[in-house]
Structure formats: structure tokens, C-alpha cells
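Let's walk through this model together, starting with the overall layout and moving on to the helices, the core and a pocket.

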Amino acid sequence: MARNAEKAMTALARFRQAQLEEGKVKERRPFLASECTELPKAEKWRRQIIGEISKKVAQIQNAGLGEFRIRDLNDEINKLLREKGHWEVRIKELGGPDYGWPGVRRFGSWAWTYTPLIKPCCGGVPHGGTRMT
């Protein structure tokens, strides 16, 4: 096992330190939305989450995915939707626009979740399926 002094001298460690000194490291999204105190940053994090959701929704509609991968993606999408809701509440607290859905009731702490396992296409036939007559 290498010593800490030896670990600090690796090329990756020196590169990372140089980036930190130059300020080129990307800012990470806060774990809790309540930690954010600036409206523009809160809206930036909300947009980032929406981008992640759209990528995962595109992935989940792939017909070749197995059931377990679909379930994992579905769980990740639902987690991101919940997180997006937390950021929307925080944006409203900071004096920003209300991104809530008009006319949609929320029951408790949940609203709608994304759960399609098979997407119908081609006249109602699921991907990979055959029409039964």
C-alpha cells in the first residue's frame, strides 16, 4: 500500500490540484435543495435535472433493454422527478416562478411517476410483440 505522500505525487493528483487552483473544476449540485441560496443557480440545477430525466426517458424506450435495466432506469427517473420537485419548491421560496402543474392535485408528497414498461407502437402492438387475432 502506498503512503499518502506517494499518492499525492501521482500525475492524476497533480493534474487535479492544478485544476482546483485554476478554478476549472465543475461545480457540483448540492445534495439538498435548501442549501442553495441563489435563484439563478437553483434554476440551473433544475435545468440540469430535466436534462438527465430526458436522457433516461430516451434510454428506457429502447426495445432491447432487459426487464431489470428498465426497472433500474424507472427508479432513477422517479428519483430525479422527486428531486426536481424539491428544486421547484426551493425556486418558489427564493422568489422565482412557480413551476407547479396547474390543475394537478398532489396527494401527500407524491404526484405522478414515470412507469411504462412497454411502449406500444405500430397500431397498438408492443415492441417485439405480435398482434393476436
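The chain holds four helices and two strands (DSSP runs, H or I of at least four residues for helices and E of at least two for strands, numbered from the N terminus). Along the sequence they follow the pattern α-α-α-α-β-β. This is a predicted model, in which local features need pLDDT of at least 70 and side-chain atom pairs count only at pLDDT 80 or more, while totals for chains, interfaces and linings use all residues. Residues are numbered from 1 along each chain as its sequence is written, and side-chain values use heavy atoms, with hydrogens and water left out.

Take helix H4, residues 67-93, as a good place to begin. Its 27 residues should span 39 Å at 1.5 Å a residue, and the end C-alpha atoms are 39 Å apart, which agrees (the expected span is 1.5 Å times one less than the number of residues). Just after H4, Gly95 adopts a positive phi of about 95 degrees.

Now look inside. Of the chain's 133 residues, 20% are buried (under 20% relative accessible area, with a 1.4 Å probe and protein chains only). The largest nonpolar core (buried Ala, Val, Leu, Ile, Met, Phe, Trp, Tyr and Cys residues joined through side-chain atoms within 4.5 Å) has 14 residues, of which Ala42, Ile49, Ile53, Ile60 and Trp87 touch the most other members. Helix H3 (39-60) and H4 are the elements that give two or more residues to this core.

Contacts (heavy atoms within 4.5 Å) round off the tour: among those with a separation of 6 or more, 54% join residues 24 or more positions apart.

Note on methods: Buried < 20%, exposed > 50% of the residue type's maximum accessible area, 1.4 Å probe, protein only.
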